[in-house]
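Open your viewer, get your mouse ready, and let's take a walk through this chain together. At each stop you will get something to select, followed by what is there.

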Amino acid sequence: MTAINEKLVEDRLGTLEAARSWSPRVVSRLEALIRSGEDDALFRINPIKFAADKGMAEAEAVDLFLYATAHGLFEMNWMLLCSQCGCVTESFSAMNKLHDHPHCNLCRVDLEAKLDDYIAVSFTVSPQIRPTNSIAPTSFQRKSIRSSTTSHQRARARTGASSGR
Ligand SMILES: [Zn+2]
């Protein structure tokens with residue numbers, strides 16, 4: 001686990017706590033995650049899943065991450081998902097950088113991004129708060145896609161399937 005910027009975490013949790021009224025232990029659950037979560041647990045968090053895991057209301061968990069982003073604890077990412085395999089094909093730091101024709105390296109197809117169905121939002125801890133090994137989405141993603149593509153292509157070669165697009 002990597003080092004936490006103590007002063008910044010304290011300051012920003014303080015302003016987050018004061019930003020609105022939260023249910024008991026909501027902010028402390030986020031603090032526990034930042035302080036003792038594994039690197040992977042702080043990367044691309046889905047607030048709906050977080051709510052289910054922690055027994056919180058979904059709406060409050062969504063608010064929690066939006067406020068935490070506004071207060072510099074987390075960063076929000078927009079992701080385009082492949083409609084065939086469900087993988088993240090690309091991720092963006094801002095919605096206005098989204099485009100509607102992602103390419104899935106795994107399935108080797110050009111896709112059409114349809115709003116709602118294949119666009120997802122996730123939250124990753126700010127690198128100023130806690131640098132993690134999972135923090136570089138594009139390089140991490142490329143690497144994982146490349147290795148899965150290689151095994152996928154090998155499987156295709158073995159079965160003699162066509163790989164045309
Ligand atoms: Zn795919």
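Let's begin in the strands: select M79, and you will find S91 of strand 2 standing opposite. Before moving on, note that this is a predicted model, in which local features need pLDDT of at least 70, side-chain atom pairs count only at pLDDT 80 or more, and totals for chains, interfaces and linings use all residues. Residues are numbered from 1 along each chain as its sequence is written.

**The strands**

Now color by secondary structure. The chain has five helices and five strands (DSSP runs numbered from the N terminus: helices are H or I with at least four residues, strands E with at least two). From the N terminus on, the order is α-α-α-α-β-β-β-β-β-α.

Select residues 74-81, which are strand 1. Strand 1 pairs with strand 2 (residues 88-92) in the antiparallel sense over four bridges; two strands pair if DSSP finds at least two bridges between them. The hairpin of these strands has six residues between them, and G86 there takes a positive phi near 80 degrees. Strand 1 also pairs with strand 5, again in the antiparallel sense, over seven bridges. To see this pairing, select E75 and look for T124 opposite in strand 5.

**A tryptophan in strand 1**

Next, select W78, which has its place in strand 1. Is W78 buried or exposed? W78 is partly exposed, because 17 other C-beta atoms lie within 10 Å (buried takes 20 or more other C-beta atoms within 10 Å, exposed 12 or fewer, and partly exposed is in between, with C-beta atoms placed from the backbone). Leaving aside neighbours within four places in sequence, W78 is in contact with S91, F92, M95, L98, I119 and V121; contact means that the C-beta atoms, placed from the backbone, lie within 7 Å. Add I119 to your selection: W78 and I119 are 41 residues apart in sequence, yet 6.9 Å apart in space, C-alpha to C-alpha.

**The nonpolar core**

Show F65, A68, L73 and F74 as spheres. These residues touch the most other members of the largest nonpolar core, which has 17 residues (such a core is a set of buried Ala, Val, Leu, Ile, Met, Phe, Trp, Tyr and Cys residues joined through C-beta atoms within 7 Å). Two or more core residues come from each of helix 1 (6-19), helix 2 (26-36), helix 4 (58-70) and strand 5 (119-125). Which helix gives the largest share? Helix 4 does, with four residues. Zoom in on L73: leaving aside neighbours within four places in sequence, L73 is in contact with R12, L16, I34, A68, S126 and I129.

**Two crossing helices**

Select helix 3 (residues 47-54) along with helix 4: their axes come within 8 Å and cross at roughly 125 degrees. Axes here are lines fitted to C-alpha atoms, for helices over the stretch in contact, with angles from 0 to 180 degrees between N-to-C directions. Helix 3 and helix 4 are therefore oblique to each other (under 35 degrees is roughly parallel, over 145 roughly antiparallel, 65 to 115 roughly perpendicular, and the rest oblique). Where they meet, P47, I48, F50 and A51 in helix 3 face E58, A61, V62 and F65 in helix 4.

**Two loop residues**

Finally, select R25, in the loop between helix 1 and helix 2. Phi of R25 is near 70 degrees, a positive value in a residue other than glycine. Most residues other than glycine have a negative phi. Then try R44, in the loop between helix 2 and helix 3, where phi is near 55 degrees.

Technical notes: Two residues are in contact if their C-beta atoms, placed from the backbone, lie within 7 Å.
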